[in-house]
Amino acid sequence: MSENKNKPQPAPGQQIGRSWAGVASLSQSVWSQKEPRCAKMVFNAVQKFALEEFTRRKGEVRFLQVGANDGVWGDVLHPHIMGGNWTGLLIEPGDTALKRLRETYADVSSVEICDKAIWTENGIRTFYMVDGADALSSFSLETIMLHDPKYDDLAGMIRTVEVKTATLNSVAAEYSLEDADVVAVDAEGCDDIVLSTYDIEAHCPAFVMFEHVALSASSTEKLRQRLADADYTMIADRHDVLAIRKGTFEEHMTTFFEHVVHEARNN
């Protein structure tokens, strides 16, 4: 999930030109639209406050994070996890990112790390690793290559590795986290597939967070309908969705969050 609090330093081989309008300019997602730059800042602030307020009310928060990368870069859950009241699972199959993720949380006993990738079945599958920019790594080569204009030779940075796969339902059961309060996914174009392997309707997490920007119109429409049917209010900017389940907050508070982000996007 995108968080632009700090401008990224170019990775090896990266060269961002003035003509590059970003992946969002290519998005077919039902949540994608042109918006002022401040909309991301407003969305991030609303998301941060909602998670902080939920933590204040509930005390201990249980979470599942798919695509944790190194646990720091662009990671909206990191400050909450480090706050000491969050317990859960970080899921990351990438070898270089996994090493950094273990270092990030080496002294945090409240989290566990799983080195599997989430997919529709348990097994082994080819995964595309992007050396020098491993946050782009994915099962979707097409999604990775959307970023090609930013790099001198993005194709040359990609290698394939075989990774262990499992459904999110099976991993949640393995780690006794079926009742997670927060489910956060950043799977570079595969977020819809990841969420299809998790029984949102049965487990009813308070928050479902995912990146929609690289998903198709049909897959995002299906996700929108599925979440609406499961009593979630969806708050989105050009990249990400924060879905809040009915009853997590008073209705007027969730409506206020939705209104603030909507106004920022349409200002």
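A salt bridge here is a side-chain nitrogen of Lys or Arg within 4 Å of a carboxyl oxygen of Asp or Glu. With that in hand, a search of the whole structure, which is a predicted model, finds 18 salt bridges. Let us walk through some of them, then turn to a pocket and a few individual residues.

## Salt bridges

Three of the pairs are set out below.

| Pair | Closest N to O distance | Where the partners lie |
|---|---|---|
| K48 and E52 | 2.6 Å | both in helix α1 (residues 38-58) |
| E103 and K99 | 2.9 Å | both in helix α3 |
| D70 and R100 | 3.7 Å | D70 in the loop between β1 (61-66) and α2 (78-82), R100 in helix α3 (residues 95-104) |

Take the pair in helix α1 to begin with. K48 and E52 are four residues apart, about one turn of the helix, and their closest N and O atoms are 2.6 Å apart. How open to the surroundings are these two partners? K48 has a relative accessible area of 42% and is partly exposed; E52, at 36%, is partly exposed too.

Helix α3 holds a pair with the same kind of spacing: E103 and K99 are four residues apart, about one turn of the helix. Their side chains meet at 2.9 Å, N to O. K99 counts as exposed, with a relative accessibility of 54%.

The bridge between D70 and R100 has another layout. D70 sits in the loop between β1 and α2 while R100 belongs to helix α3, so the pair ties together parts that are 30 residues apart in sequence. The N to O distance in this bridge is 3.7 Å. Is D70 buried or exposed? At 12% relative accessibility, D70 counts as buried, because that value falls under the 20% cut-off. Its partner R100 counts as partly exposed, at 30%.

## The second largest pocket

Now to a pocket. The second largest one has a volume of about 240 Å³. It is lined by 14 residues, and W31, M234, I235, A236 and R265 are the closest to its centre. Two elements give two or more residues to this lining, namely β9 (232-236) and α9 (251-265). Which of the elements provides the largest share of the lining? That is β9, with five residues. By residue type, the lining divides into seven nonpolar, four polar and three charged residues.

Helix α9 is also home to T254. This residue counts as buried, with a relative accessibility of 8%. Leaving out residues up to four places away in sequence, T254 touches T233, I235, I244 and F249. One of these, I235, is among the residues closest to the centre of the second largest pocket.

## The loop between β5 and α4

Two residues are worth a look in the loop between β5 (123-130) and α4 (141-145), and S137 is one of them. Its relative accessibility is 9%, so S137 counts as buried. What does the side chain of S137 reach? It comes to 3.0 Å from the backbone nitrogen of V130, and the backbone oxygen of D134 is likewise reached at 3.0 Å. When neighbours within four places in sequence are left aside, S137 is in contact with F127, Y128, M129, V130, I144 and E188. V130 therefore appears both in this contact list and as the residue whose backbone nitrogen the S137 side chain reaches, the 9% value for S137 being that of a buried residue.

G132 is placed in the loop between β5 and α4 as well. This glycine is partly exposed, with a relative accessible area of 48%. How far is G132 from G247? Their C-alpha atoms are separated by 42 Å, and the two residues are 115 residues apart along the chain.

## L64 in strand β1

Last comes L64, which is found in strand β1. At 0% relative accessibility, L64 counts as buried. Not counting residues up to four places away in sequence, L64 touches L89, L168, A172, L177, A180, V182, V183, A184 and Y198. L168, one of these contacts, lies 104 residues away from L64 in sequence, with the two C-alpha atoms 9.0 Å apart in space.

Terms used: Residues are numbered from 1 along each chain as its sequence is written. This is a predicted model: local features need pLDDT of at least 70, side-chain atom pairs count only at pLDDT 80 or more; totals for chains, interfaces and linings use all residues. Side-chain values use heavy atoms; hydrogens and water are left out. On a 1 Å grid over the protein atoms alone, a cavity is a set of points where a 1.4 Å probe fits but cannot get out, and a pocket is an open set with protein on both sides within 12 Å along at least five of seven lines; lining residues have an atom within 4 Å of a point. Grid points are joined across faces, edges and corners, and a volume is the space filled by probe spheres set on the points. Ala, Val, Leu, Ile, Met, Phe, Trp, Tyr, Cys and Pro count as nonpolar, Asp, Glu, Lys and Arg as charged, and the others, Gly among them, as polar. Buried means under 20% relative accessible area, exposed over 50%, partly exposed in between (1.4 Å probe, protein chains only). A polar contact is a pair of N or O atoms within 3.5 Å; within protein, one must be able to donate a hydrogen and the other to accept it, and residues adjacent in sequence count only if both atoms are side-chain atoms. Contact means heavy atoms within 4.5 Å.
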